[in-house]
Amino acid sequence: KFCFLHGFDVEEDLVGSLASMSINERIKAIQKLPETMRKRREIRNKVLKEITKKSRHRGAHPSCCTRCLQGAAVSFRRFGNTLSEYFHLLQIWHKALKIIGAEFGTSVLSYFVFLKWLLNFNLFSFLINFGFITIPQFLAAEPNNLSFTGLELLTGAGYFQKTVLYYGFYTNATISKIENGPSYNMQLAYIFTVGTYFVICFLILLFSMAKSFSRNLVNPQGYSGNASKLLCTWDFNITNEKAVKLKQKNLSTQIKEDLTEVNKEVLDFSVMERVLRIAIHLLAWVASLGTAAAACTAVYFLSVNNLELFMKGHRNDLEGQAAMLVLPVIASLLNTLIPFFFSWLGHLERFQTPGQHIYVTIARIIILKMSVVGILSYYWLNIVATSESQCWETLVGQDIYRLVLVDFIFCLLGSFFGEFLRRIIGTTVCVSLGPPEFDIGRNVLDLIYAQTLTWIGILFSPLLPGIQMIAFLIVFFVKKVSLMRNCQPPRKVWRTAQMMTSFLFLLFCPSFLGVLSVIGVTVWRLKPSEGCGPFRGLSSMYAAVSEWVQILESYTASKWVVWIYHNLITSELFFFILSSIVLIVTYLYWQIIQGRKAMTKRLHEQIIN
């Protein structure tokens, strides 16, 4: 009875001290309590009651309106907390990521974290385009008289040509459903939505890289030692048996990775061995670059033949539509098979660490895939855009749609042939091979290639991010099942602190920056089609903005917009000054980071002494 009363008094004191804190301090203090989530909620509710009781005892009698607002704020906050908890439970990949990290380590986990990040990224893209471009177009849409055969799902042609999937279907008129009411300028909506989206993408990628860099590359664990991971990591709130076993596996894998870093061997080769290794590396690079050049040549000639198929006529027979799939099938086949050859070259080179093997393979595959995208972009901007087609933008959108869809199909087939059949061979026919390991480099570059195509296609097919989002969701579960059933954990366990940062950097450069150059040429240099799309009849897509600014010059209230346009947006000097400031700030932050790292190292040495 005494212990119960003593515990009750302690809880009363805790509630009283929490009630006297500010809102932010109270939230942080409750989060740090070593209690279960249910107990924390009980304490929070008691604190709220105590605060309400104190306000009444003080003699303050708020008005009815104030009480309603306070009650609504508390209810909204509770509703938000409950909703976030349910959303946390509904995150279908949350448990899967924990299992993958425990079974296969952080190297394989980084692929699935990157895939989840891209999935959320495409969801954001789809919502922006659908909300500001597609929904207004539904109000001015004309009926589609084409018949749907089902083959359009593969080719993207036929019935889909007259839908909101492609650029050519969008109107160039100002949409207004009410006479003398508000209107919606589709030209400005289209170019501002796409432009704002790419600016937001740029900022998200930049901040994501900076956050990942500060968390992983500037890694405080390198100086703090690994004893804390062994002695202070266990979460005593875990009571479920499955969760306990999963946490044990996760900790075991992390400790193995840290031990591998500590016990890393530095091999001492003789002069002849070094010369032989350099010769093997050079031969491997020559073979990989030659293969990439041959693949790009094949894609270029196929793309030119593909345009001739389009220009022969617009018949919807089976043979004509099936011929459209030749280019995407060959391009996806090359992008699927050649990375296996690059991985085989990496095994021949016998790198000292798995990290070196993965990074070299990624470099070779990124050269291949970005070269293929570069050849296709040249074909779209210099051959298709200058052709005699009535709507070249829709042709480009259809090409990208087929590439995205066929690449998705080959990604699934790669899991079957590259992992499932490999496991069957390694466990039954040639037992010495064993089950395969998950190829991180090849799979990551597949994601970056698909996302690059999606970014290029946004201008020509605004709903493409929605299609890519569904594809990534299916890929997540197929790869997860294939990993758990067919693959074995890496034979050499290693820690990948910089892996996610490297993925984001590759997504930013060359992928995103290359896409910006393609979009820039399309918007500023190329003449839009005369008979379709929101920019028909203009000299360029950007001319819509110039004409809008000329209209604003006649309104006194809009002079500030005109001033910003002439003195900032179209001024080379402004961008030169802005770039200089960014470089100076980047240099200063880099020096601050270097100083902090040096100080941390010195403090670590003092602690050892």
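## Exercises on a disulfide, buried residues and a helix pair

Cysteine 532 is buried, with a relative accessible area of 7%. This residue is the starting point for the exercises below, which concern a predicted model.

**Exercise 1.** Find which cysteine forms a disulfide with cysteine 532, and describe where the two partners lie in the chain.

Solution. The step to begin with is a distance between sulfur atoms, since a pair of cysteine sulfur atoms counts as a disulfide when they are within 2.5 Å. The sulfur atoms of cysteine 391 and cysteine 532 are 1.9 Å apart, and these two residues therefore form a disulfide under that cut-off. By this rule the count comes to one disulfide. The pair links distant parts of the chain, 141 residues apart: cysteine 391 is in the loop between α14 (354-384) and α15 (392-429), while cysteine 532 is in the loop between α18 (499-524) and α19 (543-552). The next step is the geometry of the link, which is right-handed, with 90° about the S-S bond. A disulfide is a covalent bond between the sulfur atoms of two cysteines.

**Exercise 2.** Decide whether cysteine 391, cysteine 296 and cysteine 411 are buried or exposed.

Solution. The cut-off needed here is that a residue is buried when its relative accessible area is under 20%. Cysteine 391 has a relative accessibility of 13%, so cysteine 391 counts as buried. Cysteine 296 comes to 9% and is therefore buried as well, and cysteine 411, with a relative accessible area of 12%, is also buried.

**Exercise 3.** For leucine 115, isoleucine 362 and serine 332, name the helix that holds each residue, and then list what each one touches beyond its neighbours within four places in sequence.

Solution. Leucine 115 lies in helix α5, which covers residues 94-139, and its relative accessibility of 0% means that leucine 115 counts as buried. Leaving aside neighbours within four places in sequence, leucine 115 is in contact with Leu447, Phe472, Val475 and Phe476. For phenylalanine 476, the separation from leucine 115 is 361 residues in sequence, but 7.0 Å in space from C-alpha to C-alpha.

Isoleucine 362 is placed in helix α14 and, at 4% relative accessibility, counts as buried. Its contacts, with the same neighbours left aside, are Gly441, Leu445, Phe503 and Leu506. The C-alpha atoms of isoleucine 362 and phenylalanine 503 are separated by 9.7 Å, although the two residues are 141 residues apart along the chain.

Serine 332 belongs to helix α13, residues 326-349, and is buried, with a relative accessible area of 0%. Not counting residues up to four places away in sequence, serine 332 touches Leu403, Val406, Asp407 and Phe410.

**Exercise 4.** Work out how α13 and α14 are oriented to each other, and which residues meet where they pack.

Solution. The angle comes at the start: α13 and α14 pack at about 160°, with their axes 9 Å apart. Because angles over 145 degrees count as roughly antiparallel, the two helices α13 and α14 are roughly antiparallel to each other. The crossing of α13 past α14 is right-handed. On the α13 side, the residues in the contact include Leu327, Leu334, Ile338, Phe342 and His347, and on the α14 side they include His357, Arg364, Leu368 and Val372. Taken together, the residues of this contact of α13 with α14 divide into ten nonpolar, six polar and three charged.

Technical notes. Residues are numbered from 1 along each chain as its sequence is written. This is a predicted model: local features need pLDDT of at least 70, side-chain atom pairs count only at pLDDT 80 or more; totals for chains, interfaces and linings use all residues. Side-chain values use heavy atoms; hydrogens and water are left out. Buried means under 20% relative accessible area, exposed over 50%, partly exposed in between (1.4 Å probe, protein chains only). Contact means heavy atoms within 4.5 Å. Axes are lines fitted to C-alpha atoms, for helices over the stretch in contact, and angles run from 0 to 180 degrees between N-to-C directions. Angles under 35 degrees count as roughly parallel, over 145 as roughly antiparallel, 65 to 115 as roughly perpendicular and the rest as oblique. A crossing is left-handed if the near helix is turned anticlockwise from the far one by less than a right angle, and right-handed if clockwise. Ala, Val, Leu, Ile, Met, Phe, Trp, Tyr, Cys and Pro count as nonpolar, Asp, Glu, Lys and Arg as charged, and the others, Gly among them, as polar.
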